[in-house]
Amino acid sequence: MNNRTPIPQVYDASHTETKWYEYWEKNGYFSPDPQRSNPFCMVIPPPNVTGFLHMGHALNLTLHDILTRYRRMKGDQTLWLPGTDHAGIATQNVVEKQLAKEGLDRHQLGREEFIQRVWQWKDQYHDRIVKQLKSMGASCDWTRERFTFDEGLSAAVKEVFVRLFDEGLIYRGEYIVNWCPRCETAISDIEVDYRDVPSFLYYVRYPIKEHPEQYLVVATTRPETILGDVALAVHPEDERYRQVVNSTVILPIIGRDMSIIQDEYVDPQFGTGVLKVTPAHDMNDFDLGKKHHLPVVAVIDPHGVMNENAGIFAGMTREQCREAIVEKLKSLDLIEKIEEYSHSVGHCYRCNTQVEPLVSKQWFVKMKDLAQPAIQAVEEGRVEFIPERWNKIYFEWMNNIRDWCISRQIWWGHRVPVFYCQECGHYFADRGLPDHCPKCQGKVVQDEDVLDTWFSSALWPFSTLGWPETTPDLKTFYPTSVLITAFDIIFFWVARMIMMGLKFMQDVPFRKVYITPLVRDAYGKKMSKSSGNAIDPLEVARQLGSDSLRFALAWLTVQGRDIHLSMERIEASRNFMNKIWNASRFVLMNLEEDFVPVELNNEAHLSLKDRWIISRFQQTIEQASLALDDYRFGEYVQIIYDFIWGEFCDWYIEWSKKDLYQGSPEEKRKTQSVLVQVLSGILQLLHPVAPFITEEIWHSLPMRNDNDALIISDWPVPEKSWFNDQSEKAIGSIQNLIREIRFLRAELEISPAETCRVQLGFHQSDNRVIIEEHLGYIEQLAKCEIIKTDVEISKPGGAVTGQVDGIDIFLMIEGLVDIKRELQRLNKKHKVLSEDVERIQKRFEKPDFLEKAPQEVIEKDQIRLEKLLSEAQRLQKLIEGIMNQ
């Protein structure tokens, strides 16, 4: 029974997207079919429950969904597992800001009530994020959705912590950490955002005790930390200071005696070659202090305020103390000079506060033993980075890995599952909530700290599948197939997932890691709200449709290159959607109500154009499939775009009109059948990237049942028996002829309403027969009348000449063109083209351009230059042809 619905004149993206997403979800199409083999699984990089999706999220979910829909159509047991991240510090920050507007802070509420407020926030913003993901067409299995703080994942976190603790891989120790005074918590090394900051280099004099009139001068950017100095250091081979090594220096202002030590760590080229050693407030100085058994004197507290060890400066902020101490040093004549200086300063990547290195008791994971198997997994190809260049970045970080500080001094997150006995001081890790000490039966209290957000995220590929239970999902879908993520969390997340997967599952968590490019604006600048160049993906989707945005993002995704996104490119994608819609309307409007396609299994009875389009379509299937298999998303989209617009619409549909309107019933039925078959396949190829519009059109095709959804249709398989080099070569020659005649008409500005007369002269006989058999194709699309074909025709009077594929084209222009006026116009146009060519060539002659310009700019100019040279050459030939009348 024919259940197809009529296709309206205008595509309504908003209505269509809502309708089909609800339909897919209601019918359970997002859940894997257990009857299918070859499991394919991806876990979503869980978005934080702190805000809206940005363009980076839109790119990520687009690429995920393309692969998900492709694999589902290929018959794999496909699971794209969704979820969100509790995002400890980030979420606590936004809730605290919300409380501040109410005149409250978390300490007034208390821990329990504050966490309840955060859960309220989570529920509200989680729902918003899920709605956003669905609006973009993400075909995740929402029945399996997880949250990094849900009951199952919390059990996994405790299990991992306890096992690592019992093995001695988790320890508690006093160590220097990156501390955020605003968030009041430690943060890991890779959560520090380093930025170049304009500052000053202060040259401070340290008096030598044995010779008070002599000084050692130290260059520092942080004079406020002088108060915590415990030594000065010089390089052992620095001859300038060999005589003072055994001397004592006096700490300015404080007056404390300090020794001068020697260490190869000191850079003799920086400043004066003398280093002040402040173990409490510098990562490298802390290591230096441990090596030389130096004391640790902290002068800054966890709030970023000078403490009691700062003497008269106690209570000042770091910035206030810096100004005050410089003035004090000046008054004591202990400032030799001050220079402007720009240097890299660490900031909290969540709240942008300047990080302060502080010594505190924290929980750490020993990383060296966990890192080695993860390094080996990538070396052996068990995990493959795409593009491969990210291997180097991964290895550099993993080979220099430091222990991971996993404790955070906040309230929102997985509480550290360690308990302290109030009687005997014993502490231990536990999966539950014990109320007594296993050693003395005394009362216990739980550690106040929570775990780093990335601790739970590191378990995501297996905890989401049910671990530590051995669930059917875990057996079926682990290891997952591919991870798609951004480069900036290779260390935060990817590396840690590999380490944890190997440790607890004895296998890698995924086989491939596809690193997405950065989404920048049209000029290559990073998108940001503050810069005013950010494009809101949800607003764009509302205006132009989700399919248009998805298509544009995938179109621009080329391995190893950033995406330069503009509204013009998204609008071009929207125009392509309109092209598909209109082409589909044309096909469907030219089918009878009771149309039944004929079986296309005997290509001998098909016309040249039919054999050609079927051959081209079958090869398009093969090329598009290979591109998706290799994660070449941009190439996949370009292949489909070129075929739909450049071959199916511009050529085949135009040629089909003659059969549809003037052909015999048999010719009409064959052409209709080819149109329907190719259109049906186009929708299948296009569905992964443009799911909504393709599903809508699919249900209007003949013989389509209501339950026959495109999302679960079979991915087309190329039938190589339909590959036809002969027909492709023949049509290629015909197309070249048509293009050349169109070029001549366009350059001479001959009205489309005018039918030109054309003569064709053949230099070769091999293509003459096929051309003469199909002159109608040429006359139809080139708007001409071919009045003569022969071998090597002499140029007739009143004609301009073109040549292609060994065929002379003589376009008769007498009576159609004012030759004198056209020569003037064409010469002027040729001059402009030549000037453009010269300008680009001069740019390439500049060494700075080739060395400094982005590769994509160079390639764009190269393509432009080639096009201009070709146009100028063709135009010159045309001018010469007119002059030789």
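**Exercise 1. How much space lies in the second largest pocket?**

Solution. The model is predicted: local features need pLDDT of at least 70, side-chain atom pairs count only at pLDDT 80 or more, and totals for chains, interfaces and linings use all residues. Residues are numbered from 1 along each chain as its sequence is written, and side-chain values use heavy atoms, with hydrogens and water left out.

Step 1. A pocket is an open set of points on a 1 Å grid over the protein atoms alone, where a 1.4 Å probe fits, with protein on both sides within 12 Å along at least five of seven lines. Its volume is the space filled by probe spheres set on the points, which are joined across faces, edges and corners.

Step 2. For the second largest pocket this space is about 1,200 Å³.

**Exercise 2. Describe the lining of the second largest pocket.**

Solution. Step 1. Lining residues have an atom within 4 Å of a point. There are 40 of them, and Thr221, Arg222, Asp282, His343 and Ser344 lie nearest the centre of the pocket.

Step 2. Strand 7 (192-208) and helix 8 (318-331) are among the elements that each supply at least two residues. Strand 7 gives the most, with seven residues. Helices (H or I, at least four residues) and strands (E, at least two) are DSSP runs, numbered from the N terminus.

Step 3. By type, the lining has 18 nonpolar, 13 polar and nine charged residues. Here Ala, Val, Leu, Ile, Met, Phe, Trp, Tyr, Cys and Pro count as nonpolar, Asp, Glu, Lys and Arg as charged, and the others, Gly among them, as polar.

**Exercise 3. Is Arg408 buried or exposed, and which residues does Arg408 touch?**

Solution. Step 1. Arg408 is found in strand 17 (residues 407-408).

Step 2. Buried means under 20% relative accessible area, exposed over 50%, and partly exposed in between (1.4 Å probe, protein chains only). Arg408 has 1% relative accessibility, so Arg408 is buried.

Step 3. Contact means heavy atoms within 4.5 Å. Not counting residues up to four places away in sequence, Arg408 touches ten residues' worth of neighbours listed as Ile89, Thr185, Ala186, Ile187, Ser188, Glu191, Asp449, Val450, Leu451 and Asp452.

**Exercise 4. Why does Cys437 not form a disulfide with Cys421?**

Solution. Step 1. A disulfide is a pair of cysteine sulfur atoms within 2.5 Å.

Step 2. The closest cysteine sulfur to that of Cys437 is in Cys421, 3.8 Å away, so the two are too far apart for a bond.

Step 3. By this rule, the count of disulfides is zero.
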